[in-house]
Amino acid sequence: MGEYFRRLLRPAIAALACFALSAAPAVAQDTGSIRGRVVEAATGRPLGGAQVSVPAIQRGSVANAAGEFLLVGMPAGTHRLRAEMIGYGAVEQEVTVGAGQVASVEFRLELTAISIDEIVVTGTAGAVSKRTIGNSIARVDAADVTAKTAISTLTELLQARTPGLTLLPNSGVTGTASEIRIRGASSLINNAPVVYIDGVRYHDGSLGTFTPSGAGATSYTGQTTSALSGLNPSDIESIEVIKGPAAATLYGAEAAAGVIQIITKKGRSGQQALQWTARVEYGHNDWALDIPDNYTVCTTAKLADPATWPGCQGKPAGTVLRGNPLRDDPDALRTGLVRKQSLSLRGGGDRYSFYVAGENVDEEGVFHNNYDERRSVRANFTFQPTDVLDFAITSNYIRGMLRLPVGDEAAQGMLLSAFRGRPGRIPPGNNPRSDGWATTNPLQANAYDNTTKSDRLTLGATANFNPFPWFRNRLTVGLDYTSSLAQILSLPGSADADYAGTPEGFVAQRVPRNYIYTVDYVGNVVKNLTPDLGATTSFGMQYNYKHLETLYASGRGLGAPTVTQIDRAQITSGANSYSDSKALGFFAQEQLAWKNRLFVTGALRMDNSSVFGDEIRRILYPKASVSYVLSEEPALSGFFDQARIGNFRLRGAWGQAGQAPPPYVASQTYTVSQVVLGPNVGSELRTLAYGNANLKPERGSEIELGFDLGAFNDRVGVEFTYYNKRMNDVLVTQAVPASTGWVSSPYVNLGETKNSGVELVVDASLIQTPKLAWDIGLSLSTNSNELVSFGDTTLKSIAISGASYTPGYQQHRPGYPLAGWWLQVPQRNADGTPVMNGATVVLTDTAVYLGSAVPTREISLSSTFTLFRDLQIFALFDYKGGHKVFNYKEYNRCRFQDNCERMADPRNIDLETGAVVNPEVNVWRQVPSAYLEDGSFIKLRDLSVTYSLPTEWAARLRANAASVTLAGHNLALWSDYSGIDPEVNGYGNRSFVRADVYAVPMIRRMTMSVNLSF
């Protein structure tokens, strides 16, 4: 695992070992033990992770990988045990324990495709049954996913498993992140959901990495990073996602874009055996997709220019040269190694439990200077000093080291240099090592040094105090702290120093520190008004404090390659910045329950935030929902029985939530600049931001309607949801008159957006026999996005900037999707050929709408085969469509480099003279809209085979269970897109801008892992 990792884990495990000794006290004469097993009813497959409890005496355990559990120190007598697991129906059995004896029991759990009694915690006033809430909550069984396939990051856990949640990857580079959107874009400034982990607000922004463009410290990039990437997926029990204002009201002014709650693994109270789990994974990353060839046509003009085209000399006119430097140069790409080790310990005693785990990850990318290293330790404890009070403490420390390769539109980026290469042309700098490359060669690109070290500490504590059966209280406090040291280093005389305009050398460092504090209280008063009517009154408050401080320093002119300190540079500069925001909210909720099948809920949240300045503003967000379990109505039981429907629930919800603006934008601010006053340097006060004292949060309103259905003995489950979401008071920038003395464009509340769509989840257990089981899961979602209005009749459109090409290809226009594609297209003759004005293609007078830039429909299909109980095969397919992709890479190749395949096709070009044969060549050389393509695709995201070794084989390893998993990620792509990968984006750090601009495509990962349980 590495010496550092051992040092990191040693104190935690040693402390736990001492603490855990009390988990196995001497068995008294009037006590006994219960040894049991939890298996899947149809196949007999062991269900590791199933929870077994004795509710009457608050004891419990968790089944190990072999499905086995042990409860020791049980009082003699008869006890009712309950076994449960996500995706299975709970089972209860009575077991009689004799003094000094060991009783045996086996639980056989039936697979359920849908459970309306599942417990959820997100968007609710405490832990509640799903049947009581009127909105949809998506839940990912992370423990099940990580057990049957290889998952590297949190986003891979969410990918294609949550309808309505869209991941927009920016690059396939190892260590980079995806943008997360839920039910489309509603805001022009921020569409990221709020993330919590065990009730503590979690930082999900960038690590502060320098953009790996090679142009000094900032430029375009698709290689964005996220603080979420360091989280160990194996530590996660489940993930809950609520998708909009109808469900997120209780989170107030920051939750209009949805909420993601990560629930980590815990122990289970009760005398039990310690459970050790170890996993070792080894594999590789490699380039998965075809790499396009470069072409040169040796025309008569090139033959007459030997100084520029030496490769054409001696060849007949019309000869076509082909090259592929990225594929053929041995220093360009590599097979990157993937090495992971993890170890966890789970256990507990009568009034405590614990889960502790560590992980070590070393993952190399396909570029020689790309790697991602992570070390993490997690320790979760629960303690119950009395029957009415319990505490849960969660802690997680993550250390990361990330190095990114130069890429995207950097002149020394390897992909740009490879795809713009022209076979037969004199190499750059007349350097033979750069033959076939356009700008730089791999040895130069691999010297690029851009690293980010990160440390993250997350602490949380939750107290549950239930002094009376009718009065429950929960208080959560927590801190999430992230600190990074990002550095970009260009040594004197290096290629990237030359490209950055600093041949004398350059070094820059950035140190961002993020602090997020959380205080969350919820109280519930439960009362039965009549035997059939119950009421739950809930109330609570939330407080979040976010603080970001950033230090930056750079130095230009390094005296020698070995002297890289900033203070030794010839020219130095520095800067620092900070931001603070505080949000406080209170809520009250009332829920009425009739016969435990009809639930009506109303709630009101009141918020205030420091981003609006010193003025106290009370912002109110209401909510209402209804849930009706029709299948439990006696009058309808005959109908549902005949239709073989076991569960049927109608639900509906309406609610509002907000999206607060960034800190300080509401306030009028000033700054100080240096000025020269004669022989002295002084300071002067000058205006900075005009501000807007009347600024309000964006307000989202949403209605949800849907149903949940379980049929054929719960072997088929269906969840359907329709949503309609509007965002009012959308923030738009508006310039102030110069007469005010300010040069500023403050935010104003003007716009309105709309999103609507449907979400469908179908889970089915098609075959359930001891020798063969087949389970499938289908999810579908659609999104129709529209900018309803700017709220300003003089504002017709906003061109999206941030791309290197002409701005305006993407625009915000009322009546159309946000950031839709707007381009001029060729006018056509009756025979379909382009209208020409001399040598120029005639275009339409104005730009026309050509499509959405993001997917509007998504489908995923998962399939799990279990053969003879011990062999499991899992596959996950992911489809996205309904959008367009600008293939800028091919546009540049065909228009400017003249090295694409179509420009070397004799059907298009006279190969000897280079004259145009096909009129469409004029379009390809002049019209950008010709490269706006259908971006629909299907990907084989995951494929894995897991074999559980026979018990006697595992015993030889001194384990009670062992398995081997072969897993592949991003294995195949099917698409009509002419580029490499329609999913990636070269502008990950530019809001809304999406284009295929030399972004690294998906990388294939193949691994083998060995899993042992002791």
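Leu-861 comes out as partly exposed in this predicted model, because its relative accessibility is 38%. You'll find Leu-861 in strand β45, which spans residues 857-867. Leu-861 also helps build a nonpolar surface patch, and elsewhere there are aromatic pairs to look at, 27 of them across the whole structure.

**Nonpolar patch**
- The patch covers about 480 Å² of surface.
- Alongside Leu-861, its makers are Leu-778, Ile-859, Phe-877, Ile-938 and Trp-974.

**Aromatic pairs**
- Tyr-888 and Tyr-998 sit with ring centres 6.5 Å apart and planes at 85 degrees, so this pair is edge-to-face.
- Tyr-888 belongs to helix α11 (residues 888-897), while Tyr-998 is in the loop between β50 (961-974) and β51 (1003-1013), so the pair ties together parts 110 residues apart in sequence.
- Both Tyr-888 and Tyr-998 are buried.
- Tyr-891 and Phe-896 make another edge-to-face pair, at 6.0 Å centre to centre with 80 degrees between the planes.
- Tyr-891 counts as buried because its relative accessibility is just 6%, whereas Phe-896, with a relative accessible area of 47%, is partly exposed.
- Ring pairs join these four residues with Tyr-809, Trp-821, Phe-886 and Tyr-931 into a cluster.

**Charges over rings**
- Arg-456 lies over the face of Tyr-202, 3.6 Å from the ring centre.
- Lys-889 does likewise over the face of Phe-419, at 5.5 Å from the ring centre.

Definitions and conventions: Residues are numbered from 1 along each chain as its sequence is written. This is a predicted model: local features need pLDDT of at least 70, side-chain atom pairs count only at pLDDT 80 or more; totals for chains, interfaces and linings use all residues. Side-chain values use heavy atoms; hydrogens and water are left out. Patches are made of residues with over 30% relative accessible area and no salt bridge: like charges are joined within 9 Å, nonpolar side chains (Val, Leu, Ile, Met, Phe, Trp, Tyr) within 5 Å. Accessible areas come from the Shrake-Rupley method with a 1.4 Å probe; for residues, only the protein chains shown count as cover. A salt bridge is a side-chain nitrogen of Lys or Arg within 4 Å of a carboxyl oxygen of Asp or Glu. Helices (H or I, at least four residues) and strands (E, at least two) are DSSP runs, numbered from the N terminus. Buried means under 20% relative accessible area, exposed over 50%, partly exposed in between (1.4 Å probe, protein chains only). Rings of Phe, Tyr and Trp (its six-membered ring) pair if their centres lie within 6.5 Å; planes under 30 degrees apart count as stacked, over 60 as edge-to-face and the rest as tilted. A charge sits over a ring if NZ of Lys or CZ of Arg is within 6 Å of the ring centre and within 35 degrees of the ring normal.
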